[in-house]
Amino acid sequence: MTTTVQAPRKPATAGRARKNRRNAGTGRFAALLLSPTVLVLALVIGYPIVSAVRLSFLVTHNGINPTTGMVENTTHVGVDNYAAIFSGDTASQFWNAFWNTTTFTVAGVFVETVLGVLMALIMNRAFRGRGLVRASVLVPWAIPTAISGLLWKWIFQSEGIANTLLHTHILWTTEGFHAWVAVLVADVWKTAPFIGLLALAGLQMIPGDVYEAAKVDGSGPWRTFWRITLPLARPALVVAVLFRMLDALRMFDLPFVLIGAHKHSVETLSTFAWYEASNLRYGSAAAYSTVLFLYIALVAFVFVKVLGADLVGRGVSGRKS
Amino acid sequence: MRRILGVVAWLVGIAFFFPVAWMVFTSLHSEQAAATNPPDVTAPLTLDGYREFFGASTGASPWPYLINSATASLVSTLLVVILAMLAGYALAIRPVRRWTDALFFFLSTKMLPAVAGLLPIYLISQRIGLLDNVWLMVVLYTAMNLPIAVWMMHSFLREVPVAILEAAALDGARLPTVLRRVILPVAAPGVAATALICFIFSWNEMLFARVLTGVVAGTAPVFLTSFVTSQGLFLSKVCAAATVISVPVLAAGFAAQNKLVQGLSLGAVK
C-alpha cells in the first residue's frame with residue numbers, strides 16, 4: 001500500500017512546488033485514512049474469495065491406496081472441477097443455471113428500468129402527497145427479502161390473489177415457466193422502486209430552464225423526453241442499471257424463498273453453487289462461484305466500456321487542488 | 001393534466017404498497033378471519049396474532065433474535081459510516097488517477113458473489129470459534145456494506161468546498177474537528193442516506209445469517225424462516241411476525257426517504 005502514496009510531481013512555478021509538498025503530505029495521510037477500510041476488505045472479503053478460488057482448483061479423489069489398502073482422500077491441483085462444469089450431465093445443469101441467470105437479469109432489469117423511469121417521471125412532478133407516495137414505493141425495496149418472498153408465495157398460492165385476479169388456476173410455485181414469471185414479478189416489484197429513486201435523483205438535477213428553452217423552441221413532450229430528459233438523466237440511469245445488473249446476476253434469495261432450492265426452472269448460478277456446497281461438493285461449488293464472478297466481471301467491463309458508465313467521476317476532472 | 005398525473009402517481013404508490021398493507025391488515029385479524037377466502041374486510045380487528053408471535057401461548061420469545069438483528073445492524077452501520085467517512089474523505093481530497101483506481105477496487109468487491117465467500121468464511125469462523133456469534137455478523141456486515149458506503153461517501157464529500165477545508169486548516173483545526181465541525185454538517189444528508197442503506201441491507205441479510213448463526217446469534221430473518229416452517233398455517237401469526245420484523249426498516253425508510261432522495265441526488269449519480 002505504501003507504493004501508492006507518492007504524489008505526482010509536476011514541474012511548475014514556485015507556488016505549485018509548495019503545493020506539491022503539501023500534496024505529498026496529504027497523500028500519505030490519505031493512505032492512512034484508507035488503510036482500515038482496505039484492511040477490513042482484504043481480511044473479510046479478499047482472503048475468503050482467494051481461498052475459494054484456490055479451493056476450486058483442488059481436486060479430491062476417494063480411492064484405495066495401493067500400498068496400505070486403505071481408503072484415502074488424495075488431493076491434487078487441477079482444472080477437473082472446471083472441466084466437469086462443461087462436460088456430461090452437469091453441463092446441461094450449468095447452462096440451464098447460466099440461461100436462467102441471464103434471462104432473469106435481462107428481462108428483470110429491462111422491465112425495472114422502464115417502470116422505474118416512468119415512476120421517476122411521475123414523482124418528479126409536484127402533486128399532493130408526493131412524499132407519501134415516494135415513501136410507499138420505497139417500501140418493497142426496504143422490506144427484507146425473506147418477507148417479500150413469503151408475501152409473493154402467498155399471492156401466488158393456488159387459491160391466492162394472483163389466480164383470483166387473473167381467473168386462472170396456475171400452480172405458480174411449481175416447476176415450469178410460470179415459476180420463472182413469478183420470481184420475475186416479485187423481483188420487479190422489489191427493485192423497480194430503487195431504479196425509480198435513482199432515476200428521480202437524476203431527473204432532479206436537470207435545471208428547469210432547459211425545459212423552458214425546449215418549450216420556447218416548440219418541442220413536444222415526446223421529443224423533449226427523448227432529446228432532453230433521457231440524455232441528461234443518462235449518467236444516473238447508467239449507474240442505476242449497472243448496479244441492478246450486478247445484483248441481478250447474483251440473484252439468490254427470491255428463487256430460493258419463493259420456489260425452493262434446486263428447482264430447474266428458476267435455478268441461478270448462485271443457487272446452484274449453494275446447492276453444490278450444501279451437498280459438500282466444495283470444489284465444484286467454488287468453481288461455479290468463480291465462473292459466476294468472471295461472468296459478472298465481464299458484464300461490468302463491457303457495460304463500463306460500451307455505455308461509459310462513469311462510476312467514479314473519472315470523466316469529470318476531480319477537484320482542482 | 002396535473003390532476004391526472006397525481007392520480008396515476010397515487011395508483012402506482014398504492015399498487016406497490018398494497019401487498020405490504022394487506023400483510024399488516026391480515027396480521028390484525030383472528031386466525032379464522034384471516035383464513036377465509038375471499039377475505040372478510042369487515043371482520044373485527046385483534047392483536048392476537050402479535051400476542052402469539054411474542055409467545056403468549058408457547059413461551060418462545062422472538063426478542064433474542066430481534067436484539068441480535070439490532071446489534072448486528074446498528075453496530076456494523078456505525079462502523080461502516082466511520083470507516084467510509086475516513087476512506088471517502090481520503091479519496092475526495094486526492095482525486096488523482098491512482099485513487100480513482102482505488103475507488104474502482106472498492107466497487108469491484110461488490111461484484112463478488114456472496115456464495116463464493118460463504119464456504120471459506122464458514123470454515124474460517126469454525127476454526128477460530130466464531131460460529132453462531134453475533135460479532136461475526138457485525139464484522140461480515142461491515143465488510144459487506146463498506147464498498148458501496150465508501151463510494152457514496154466519496155461522492156458526497158466531493159461536494160464539500162475546498163475553500164472551507166483550507167480555511168479550517170489555516171485555523172489549525174485537526175482532523176477530528178474538521179470532520180465533525182466542517183464536513184459532517186455539509187455531508188449530513190449523504191451520511192444519513194449511507195447509514196440508512198447500510199442499516200437496511202444488514203437488517204435484511206439472510207444468506208450469511210442462515211448459514212453462520214444458530215440458536216444463539218440467529219437474526220430476525222432466520223427466526224422468521226423457522227417460524228414459517230413451524231407455524232406456516234397460522235396466517236395472522238405469520239403476518240404479525242413479518243410486520244414486526246419489517247417495522248425497523250420501514251420506520252427508517254419513512255423517516256429518511258427525503259434524505260435518501262436528496263442524498264442520492266447529491267452524490268451517488270454524479
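**View 1. The A:Glu276–A:Arg281 salt bridge in the predicted model.** A:Glu276 pairs with A:Arg281. Their closest N and O atoms lie 2.8 Å apart. The two partners differ in burial class: A:Glu276 is buried, at 6% relative accessibility, whereas A:Arg281 is partly exposed, at 40%.

**View 2. A salt-bridge network in chain A.** A:Glu112, A:Asp187 and A:Arg244 are linked by salt bridges into a network. Over all chains, the salt bridges number 6.

**View 3. A salt bridge within helix H3 of chain B.** B:Arg51 bridges to B:Asp48, with 2.6 Å between the closest N and O atoms. Both residues belong to helix H3 (residues 48-53). They sit 3 residues apart, so about one helical turn separates them. B:Arg51 is partly exposed, with a relative accessible area of 48%. B:Asp48 is also partly exposed, at 39%.

**View 4. A salt bridge between B:Glu52 and B:Lys237.** The closest N and O atoms of this pair are 3.8 Å apart. The bridge links distant parts of the chain: B:Glu52 lies in helix H3 and B:Lys237 in helix H12 (residues 235-268), 185 residues apart. B:Glu52 is partly exposed, at 25% relative accessible area. B:Lys237 is buried, at 8%.

**View 5. Chain A as a whole.** Chain A has 12 helices and 2 strands. Along the sequence, one helix precedes the two strands, and helices follow. Of its 321 residues, 50% are buried. Chain A exposes about 16,000 Å², and carbon and sulfur atoms supply 66% of that area. Among contacts between residues at least 6 apart in sequence, 64% join residues at least 24 apart.

How values were computed
Residues are numbered from 1 along each chain as its sequence is written. Chains are lettered from A and ligands numbered from 1 in the order in which they are written. This is a predicted model: local features need pLDDT of at least 70, side-chain atom pairs count only at pLDDT 80 or more; totals for chains, interfaces and linings use all residues. Side-chain values use heavy atoms; hydrogens and water are left out. Helices (H or I, at least four residues) and strands (E, at least two) are DSSP runs, numbered from the N terminus. Buried means under 20% relative accessible area, exposed over 50%, partly exposed in between (1.4 Å probe, protein chains only). Contact means heavy atoms within 4.5 Å. Accessible areas come from the Shrake-Rupley method with a 1.4 Å probe; for residues, only the protein chains shown count as cover. A salt bridge is a side-chain nitrogen of Lys or Arg within 4 Å of a carboxyl oxygen of Asp or Glu.
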